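User: I am new to this structure and would like to know how its labels are justified. Please set each value against its definition.

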Amino acid sequence: MGRGKIEIKRIENPTNRQVTYSKRRNGIFKKAQELTVLCDAKVSLIMFSNTGKFHEFISPTTTTKTMFDQYQNTLGIDLWSTHYERMQEHLRKLREINNKLRRDIRQRMGEDLNDASFDELRGLEERMDSALELVRERKYHVLKTQTDTRRKKVRNLDERHGDLLLEYEAKCEDLQYGLVDNEGDYESTITLANGASNLYAFRLHHGHPTANGGGYGSQELRLA
């Protein structure tokens with residue numbers, strides 16, 4: 001059985017289309033190499049896939065630029081001069097835009113106004129008024145943002161200060177009204193000296209019997 005004839009139309013399936021492109025591209029490059037070797041021909045192939053991927057084949061005996069030069073000489077056209085003219089025109093437009101922007105900057109700074117007409121001066125004044133309004137609006141926005149940030153920091157500091165103050169007062173109350181525990185033979189008392197609010201704990205140390213078996217020695221009052 002012979003090979004079936006393939007209908008030449010666009011392959012809808014993207015995967016099959018890419019596989020077919022790769023196979024046939026390799027086949028074309030192989031034929032171009034055979035022509036180069038068998039016939040001493042100069043062959044140049046440039047291919048782009050539907051995804052924009054670039055592929056090229058050039059005979060080893062030549063270069064791409066040489067092929068373009070020979071192509072131009074054969075057809076009598078100059079691709080490079082046309083491209084150069086387009087580049088020059090694009091450069092001229094860019095220079096005009098640059099000169100116009102520089103002049104506008106100088107005029108906004110109050111310079112280069114001697115040759116300006118009344119309409120140009122009026123238009124410049126309107127543009128500067130609009131720019132000034134935008135600058136002021138931005139300035140007020142920045143000031144408001146910074147003010148809100150500072151106020152938030154102040155509120156946080158006030159809350160922190162209040163918490164620390166409450167914590168400090170709670171500790172002072174615990175110190176003032178707390179009880180002193182009895183320890184062993186020591187007797188502890190809480191008293192306020194001279195009407196002050198400070199807390200003093202006095203411990204009474206009992207004397208020990210004397211060496212001769214007499215009574216107890218003198219008692220000593222210590223400030224704890």
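Analyst: Buried means under 20% relative accessible area, exposed over 50%, and partly exposed in between, with a 1.4 Å probe and protein chains only. The model is predicted, so local features need pLDDT of at least 70 and side-chain atom pairs count only at pLDDT 80 or more, while totals for chains, interfaces and linings use all residues. Residues are numbered from 1 along each chain as its sequence is written, and side-chain values use heavy atoms, with hydrogens and water left out.

User: Why is Q72 called buried or exposed?

Analyst: Q72 has 5% relative accessibility. The limit for buried is under 20%, so Q72 counts as buried. Q72 is found in helix α2, residues 64–75. Leaving aside residues up to four places away in sequence, Q72 touches I77, D78, L79 and W80, where contact means heavy atoms within 4.5 Å.

User: What makes a stretch a helix or a strand here, and how many of them are in the protein?

Analyst: Both are DSSP runs, numbered from the N terminus: helices are H or I with at least four residues, strands are E with at least two. By that rule there are four helices and five strands in the protein. From the N terminus on, the order is α-β-β-α-α-α-β-β-β.

User: How do you know what span to expect of α2?

Analyst: The expected span of a helix is 1.5 Å times one less than its number of residues. The 12 residues of α2 should therefore span 16 Å, and the end C-alpha atoms are 17 Å apart, which agrees. Just after α2, G76 takes a positive phi of about 75°.

User: What do α1 and α3 give by that rule?

Analyst: Helix α1, residues 14–39, has 26 residues and should span 38 Å; its end C-alpha atoms are 37 Å apart, so the two values agree. Helix α3, residues 79–108, has 30 residues and reaches 44 Å from its first C-alpha to its last, close to the 44 Å expected.

User: Which residues of α1 are buried, and what covers them?

Analyst: In α1 the buried residues are R17, Y21, R25, F29, A32 and T36. Their cover includes β1 (44–48) and β2 (54–58). Across the 224 residues of the protein, 10% count as buried.

User: What makes N13 a cap of α1?

Analyst: A side-chain oxygen of N13 lies 3.0 Å from the backbone nitrogen of T15, at the N-terminal end of α1. A polar contact is a pair of N or O atoms within 3.5 Å; within protein, one must be able to donate a hydrogen and the other to accept it, and residues adjacent in sequence count only if both atoms are side-chain atoms.

User: Why are the phi values of D40 and D112 worth listing?

Analyst: Most residues other than glycine have a negative phi. D40 has a positive phi of about 55° although it is not a glycine, and phi of D112 is near 55°, also positive in a residue other than glycine. D40 is found in the loop between α1 and β1, and D112 in the loop between α3 and α4 (118–177).

User: Why do these two get the labels they have, exposed or partly exposed?

Analyst: D40 has a relative accessible area of 62%, so D40 is exposed. D112 is at 31% relative accessibility and therefore counts as partly exposed.
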